[in-house]
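Here are some short exercises to work through with the model open in your viewer. Try each one yourself before reading the solution.

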Amino acid sequence: MSLTHKNTVKLASILTIITALLFSWSSHAQGVDAEQRGLDIALEADKRNSGFVDSQEQMVMVLRDKRGKERARKMRTKSLERHDDGDWGMTIFDQPADVKGTAMLTYSHGLEPDDQWLYLPALKRVKRISSRNKSGSFMGSEFAFEDMSSFEVKKYTYRFEREEACGELTCFVSEWVPQYDNSGYTRTVIWHDQQEYRAQKIDFYGRANKLLKTLTLMDYQLFNDRFWRPMKLEMQNHKTGKSTLLIFKSYEFGVGLSERDFDQSALKNAK
């Protein structure tokens, strides 16, 4: 082999190595950028939903079986915003008679297990929800106990996937992977509209990384010239064919709730 040919082969090998390194660096940089952009989208959405201090809502929960048969429940929720940890929330059922007085209290956290308690009036006792049962059904609905916690940034890692049309809007599409223990989901894919960073749709993937449920958020309204809130949420279970619809009747903000409204005594005496 001539010296010139040897040099050519060596140069080609060096160029191949450099190209591979550049591709590896580029792929890594794109991955880092995608993770940062996914986090930025989540932070902006969280920022726009923050600052409400406290709130209470009235709604109807409609349970639908796979044949379309419906059962309706009237319920209320209360929320207390907290800045040193996750938000606190309480859900109270008012109708029908067989669930009247049933209430759930949630203390959301970051990576630590959320604290949740369920008051059962028929037994007149408070039952603590095990952190291992977060994927269990909440009151027979298609919402899981973990779905009832507030969003906390620390709970997930993030990755921006793409931009695409979502109805008449254009959305950011990101993947969120739960970092807390005992989640029933391997990952979620969420669509935020680019104008107001409102969640439009969330796909939930189960243990086998198969699409398990889809949550669609609809009919957004603006409250207090600041807070966008959906008036309808529908959770569709692709495995069972069942669905749960939440229809919000009212939202109120800054109603003067305190920590005393979210202790176990208040849970037992929810009115």
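## Exercise 1: Aromatic pairs

This predicted model comes out at 18 aromatic pairs. Take F223 and Y251: classify the pair they form from its geometry, then work out what it ties together.

**Solution.** Start with the geometry. The ring centres of F223 and Y251 are 5.0 Å apart, and the planes make an angle of 55°. Stacked needs under 30 degrees and edge-to-face needs over 60, with the rest called tilted, and this pair is indeed tilted.

Next, place the residues. F223 sits in strand β11 (residues 211-223) and Y251 in strand β13 (residues 243-253), so the pair ties together parts that are 28 residues apart in sequence.

Now look at Y251 again. Y251 also pairs with F253, and that pair is stacked, with 6.3 Å centre to centre and 0° between the planes.

Finally, check burial, for which the cut-off is under 20% relative accessible area. Y251 has 11% relative accessibility, so Y251 counts as buried. F253 has 14%, so F253 is buried as well. F223 is buried too.

## Exercise 2: Rings and charges

Find the aromatic cluster that contains Y180, then say which charged end sits over the ring of Y180.

**Solution.** The cluster is made up of F151, Y156, Y158, W176 and Y180. Over the Y180 ring you'll find the charged end of K155, 5.0 Å from the ring centre. Elsewhere, try R187: this residue lies over the face of Y205, 3.9 Å from the ring centre.

## Exercise 3: The disulfide

Locate the one disulfide in the structure and work out its handedness from the torsion about the S-S bond.

**Solution.** The bond joins C166 to C171, with an S to S distance of 1.9 Å. The torsion about that bond is about 75°, so the disulfide is right-handed. As for the surroundings, C166 and C171 are both buried.

## Exercise 4: Strand β4

How many residues of strand β4 (residues 103-107) are buried, and which strands pair with β4?

**Solution.** First, burial: five of the five residues in β4 are buried, so to speak a mostly covered strand. Then sort the side chains by direction. A103, L105 and Y107 point one way, M104 and T106 point the other way, and all are buried.

Last, trace the partners. Strand β3 (residues 88-95) runs antiparallel to β4 and is joined to β4 by five bridges; M90 has L105 as its bridge partner. Strand β5 (residues 115-120) also pairs with β4 in the antiparallel sense, again over five bridges, and there A103 stands opposite Y119.

Note on methods. Residues numbered from 1 in each chain as written. Predicted model: local features only at pLDDT ≥ 70, side-chain atom pairs only at ≥ 80, totals over all residues. Heavy atoms only, no water. Phe/Tyr/Trp six-rings, centres within 6.5 Å; stacked < 30°, edge-to-face > 60°. Helix = DSSP H or I, 4+ residues; strand = E, 2+ residues; numbered from the N terminus. Buried < 20%, exposed > 50% of the residue type's maximum accessible area, 1.4 Å probe, protein only. Lys NZ or Arg CZ within 6 Å of the ring centre and 35° of its normal. Disulfide = S-S within 2.5 Å. Pairing = 2+ DSSP bridges.
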